[in-house]
Amino acid sequence: MTSPVSFSKRGAIGIVNVNNQPVNALSQAVRQGIQDCVNEGAADAAVTAIIIIGEGRTYMAGADITEFGKPPMDPSLHAVIETIEDTKKPVISAIHGTALGGGLETALACHYRCAVASAKVGLPEVNLGILPGAGGTQRLPRLVGVEKALDMMTTGKPIGAKEALAQGVIDHIVDGDLLDGAVAYAEQVVAEGKPLVRVQDLEDKVAPARGNDDIYENYRKSVARRTRGFFAPDQIIDCVKDAVNLPFAEGLKMERERFVKCMTSPQAAGLMYAFFTERAANKIPDIPRDTPLRDLNKVGIIGCGTMGGGIAMNFASAGIPVTILEMSEEALDRGLGIIKGNYAATVKKGRLSQDRMDAAMGNITGTSNYEDLSDVDMVIEAVFEEMDVKHKVFARLDEVCKPGTILATNTSGLDVNEIADGTSRPGDVVGLHFFSPANVMRLLEVVRGAKTEKDVLATVMKMTKSIGKIGVMVGVCEGFVGNRMLGPYLREANFLIEEGATPAQVDAAVFNLGLAMGPFTMSDLAGNDVGWRIRKGKAGERRNDVRYSDVGDRICEQGWFGQKTKRGWYIYEEGSRTPKPDPEVEAIIRQSAKENGIAQRDISDQEIIERCFYSMVNEGAKILEEGMAIRASDIDVIWLNGYGFPSYRGGPMMWGDTEGLANVVDRLKHYQAEHPGPFWEISPLLIRLASEGKTFADYDKE
Ligand code: 3HC
Ligand code: NAI
């Protein structure tokens with residue numbers, strides 16, 4: 001078998017070329033290849049220095065994650081790193097793309113590092129539930145100091161080459177061709193007789209922190225909110241403390257022990273699952289990868305309200321010109337003003353340069369004339385949620401748009417097929433369900449209509465990535481996937497308070513499972529009046545024989561819409577966003593229960609979790625059996641990225657697997673017996689998987 005790593009020479013400079021595309025992950029063959037090639041360069045008397053460089057779009061992006069959990073294969077990354085660091089000639093990393101995880105750790109073992117200006121370097125292991133396990137926790141603090149190392153490793157965020165140079169992670173930025181620049185740099189290192197710097201020997205950045213252990217406790221407190229529930233960040237902080245206080249070899253030993261602890265924790269399994277499933281979601285079984293794509297150079301948006309404005313920002317920021325159509329000049333001015341304000345706020349926070357804001361705003365044009373949309377490649381409609389209005393908009397688009405324009409709707413609840421059938425080109429119509437705020441939330445449900453053409457779907461799935469979103473394909477059903485599963489969760493939360501739990505108890509149980517907030521805190525934040533208005537509109541459809549909780553309506557009738565009115569499910573003191581339990585709300589709940597003949601009792605947290613989330617898992621199974629999601633893992637991607645389900649649990653379906661599907665079915669049967677009626681009908685798919693001793697992960701492989 002040919003090695004993915006080759007050795008060649010440019011004059012007296014040896015070049016170790018890693019070619020394991022797409023991301024040059026450090027598989028066993030790559031590790032072996034690097035070790036052999038570095039040794040070859042070291043043994044060649046004509047070679048004065050050695051460069052390690054990656055082929056294709058990037059330097060090495062880390063260990064090969066697909067090897068995790070399998071028996072270790074020699075040489076270990078540690079051994080390769082030792083070989084590099086102990087080489088008696090300068091070894092220099094030449095970085096482009098991203099040097100991440102084990103890739104950066106390999107670079108840190110080199111005596112010098114150079115990079116192109118567009119390169120990024122980082123240690124993102126924390127995102128996989130692990131820590132940098134090949135010396136990264138010990139070497140990085142020796143280069144950048146304690147605080148910066150902690151930030152880089154507990155957030156996992158990479159830094160750009162310019163900052164990396166300023167911080168001392170790299171030593172030189174190459175202009176122009178990387179290999180040419182790296183060879184020149186290597187020749188300079190040799191000519192100047194620069195020392196063989198071993199990062200492990202550096203002291204300057206860590207010595208001042210020695211003995212000052214308050215740093216770590218203070219840091220833990222400062223990141224407690226961000227890292228709540230996660231296992232690896234604490235372990236990383238401990239490793240940095242050891243990097244400062246222990247000799248290198250001992251620190252390395254502790255790093256290895258903690259790495260194994262992280263790797264064998266259920267969190268690593270959940271987070272690695274999240275990494276791969278996010279990428280799997282982009283693959284659609286019946287749409288070949290080489291499907292010819294439609295052009296997407298210019299986009300139109302209809303409606304510049306909450307969603308339209310945010311959607312437009314995604315394209316404008318990605319450099320794609322957008323034309324936004326509104327009903328009136330006034331509405332347009334208001335909408336464009338909000339977009340400008342949003343960009344300006346980001347500039348003020350230092351997260352966007354003024355130049356980039358100006359460029360993005362320059363990509364946006366407003367209009368009230370449909371003729372201006374005659375040349376766009378895609379239109380996304382985000383007008384009021386009324387079928388009549390949508391039909392009128394699509395009829396106009398049908399008239400003015402050129403053949404082949406993709407016609408997308410951002411509807412959150414209307415039938416995409418009905419919208420499509422109102423046009424002469426239903427094959428061009430697709431749902432693009434963005435989440436609010438649309439310029440921030442990464443999730444995008446791509447709604448496949450009955451007649452949507454495959455090339456339309458392939459084009460929009462590709463587009464999701466280019467505007468920084470995670471696209472997941474779903475079918476046409478009420479609420480699509482995410483909001484449909486929210487249904488049973490919210491329903492049970494409301495029933496539970498009627499039966500005796502308090503909003504605070506329900507919220508605490510959900511918070512403790514790892515979600516950012518529970519349903520009542522969330523509703524107060526979003527505004528209770530939104531759902532109330534929808535419920536009032538649907539009051540005529542309500543069946544008398546199906547249980548309905550009217551507590552939320554009673555709260556809204558008081559004018560208690562949530563944080564914006566200082567009262568909702570909770571009470572908020574002036575200037576505070578902290579929810580405080582409200583005895584008057586609790587009295588309203590008791591009164592409602594009494595009037596509806598519901599006995600109140602003590603409710604355990606376990607029951608809260610089972611009723612809120614097992615019902616959700618059951619709904620997920622129904623979604624799968626109806627073909628509304630392609631994979632259970634797609635449902636998990638939706639819940640991690642759109643609803644704040646804790647990523648270390650993988651998502652609700654993976655969590656269902658870990659709870660045990662047979663157990664889930666048993667408990668669903670229990671609640672079905674306690675609460676007869678349609679709500680607890682159990683999915684036949686779920687029953688089948690449970691009876692066969694299978695999981696949703698097995699289902700995805702079927
Ligand atoms: N191992 C194995 N496969 C990997 C991989 C890795 N480290 N990184 C990416 N891949 C795969 C992806 O699964 C994907 O496969 P697919 O085409 O079959 O779906 C393919 O490479 C391309 O990846 P992306 O679609 O993500 O490509 P992008 O260009 O969008 O992004 C990237 C590139 C920024 C490198 C991104 O892939 C990434 O962030 N990768 C993970 C980096 C990482 O976490 N590194 C640390 C690994 S752990 C480690 O090093 C432990 C060490 O400390 C001992
Ligand atoms: P919004 O009320 O904030 O904005 C709608 C905008 O459309 C208004 O500015 C209005 O002037 C404009 N508009 C109405 N009719 C028009 C027409 N015929 N031509 C041109 N412009 C017209 O509403 P929002 O919240 O932005 O919702 C828009 C759509 O997005 C709805 O279908 C909604 O269901 C959906 N959606 C909303 C989400 C949310 O959280 N707000 C989330 C996901 C989808």
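In this predicted model, the shell around ligand 2 draws at least two residues from each of helix 13 (306-317), helix 16 (387-400) and strand 15 (429-434). A second shell, around ligand 1, takes two or more residues from strand 5 (98-100), helix 3 (102-109) and helix 12 (266-280). Strand 15 also belongs to an open sheet of 8 strands, described last.

**Surroundings of ligand 2**

- Ligand 2 is surrounded by 23 residues, and the closest are Met307, Glu326, Glu385, Lys390 and Ser412; helix 16 makes the greatest contribution to this shell, with 3 residues.
- Two backbones approach oxygen atoms of the ligand: a polar backbone atom of methionine 307 is 2.7 Å from an oxygen atom of ligand 2, while for valine 383 a backbone N or O atom lies 3.3 Å from an oxygen atom of ligand 2.
- From a side chain, asparagine 410 places a polar atom 2.9 Å from an oxygen atom of ligand 2, and the protein buries 79% of the 830 Å² that ligand 2 exposes when taken alone.
- By residue class, the shell around ligand 2 divides into 11 nonpolar, 8 polar and 4 charged residues.

**Surroundings of ligand 1**

- Around ligand 1 there are 25 residues, of which the closest are Gly102, Glu105, Glu125, Arg279 and Lys283; helix 12 gives the most to this shell, with 3 residues.
- Two glutamate side chains reach oxygen atoms of ligand 1, with an N or O atom of glutamate 105 at 2.7 Å and a polar atom of glutamate 125 at 2.5 Å.
- The side chain of arginine 279 likewise has a polar atom 2.6 Å from an oxygen atom of ligand 1, and the protein covers 77% of the 990 Å² of accessible area that this ligand has on its own.
- The residues of the shell around ligand 1 comprise 13 nonpolar, 5 polar and 7 charged.

**The open sheet and its helix**

- The 8 strands of the open sheet follow the order 12-11-10-13-14-15-16-17, and their pairing is mixed; strand 12 (364-367) and strand 17 (470-475) form the edges, each pairing on one side only.
- From one strand to the next, the twist averages 25 degrees.
- Strand 16 (residues 443-448) and strand 17 run parallel and are joined by 6 bridges, with glutamate 445 standing opposite valine 472 in strand 17.
- Helix 26 (residues 632-642) packs on the sheet, where it touches strand 16 and strand 17, and its direction makes about 125 degrees with that of strand 17.

Conventions. Residues numbered from 1 in each chain as written. Chains lettered and ligands numbered in written order. Predicted model: local features only at pLDDT ≥ 70, side-chain atom pairs only at ≥ 80, totals over all residues. Heavy atoms only, no water. Pairing = 2+ DSSP bridges. Helix = DSSP H or I, 4+ residues; strand = E, 2+ residues; numbered from the N terminus. Axes fitted to C-alpha atoms, helices over the stretch in contact; angles between N-to-C directions. Contact = heavy atoms within 4.5 Å. Near = heavy atom within 4 Å. Polar contact = N/O pair within 3.5 Å; in protein donor to acceptor, adjacent residues only side chain to side chain. Areas by Shrake-Rupley, 256 points an atom, 1.4 Å probe, with all protein chains shown as cover. Nonpolar A, V, L, I, M, F, W, Y, C, P; charged D, E, K, R; others polar.
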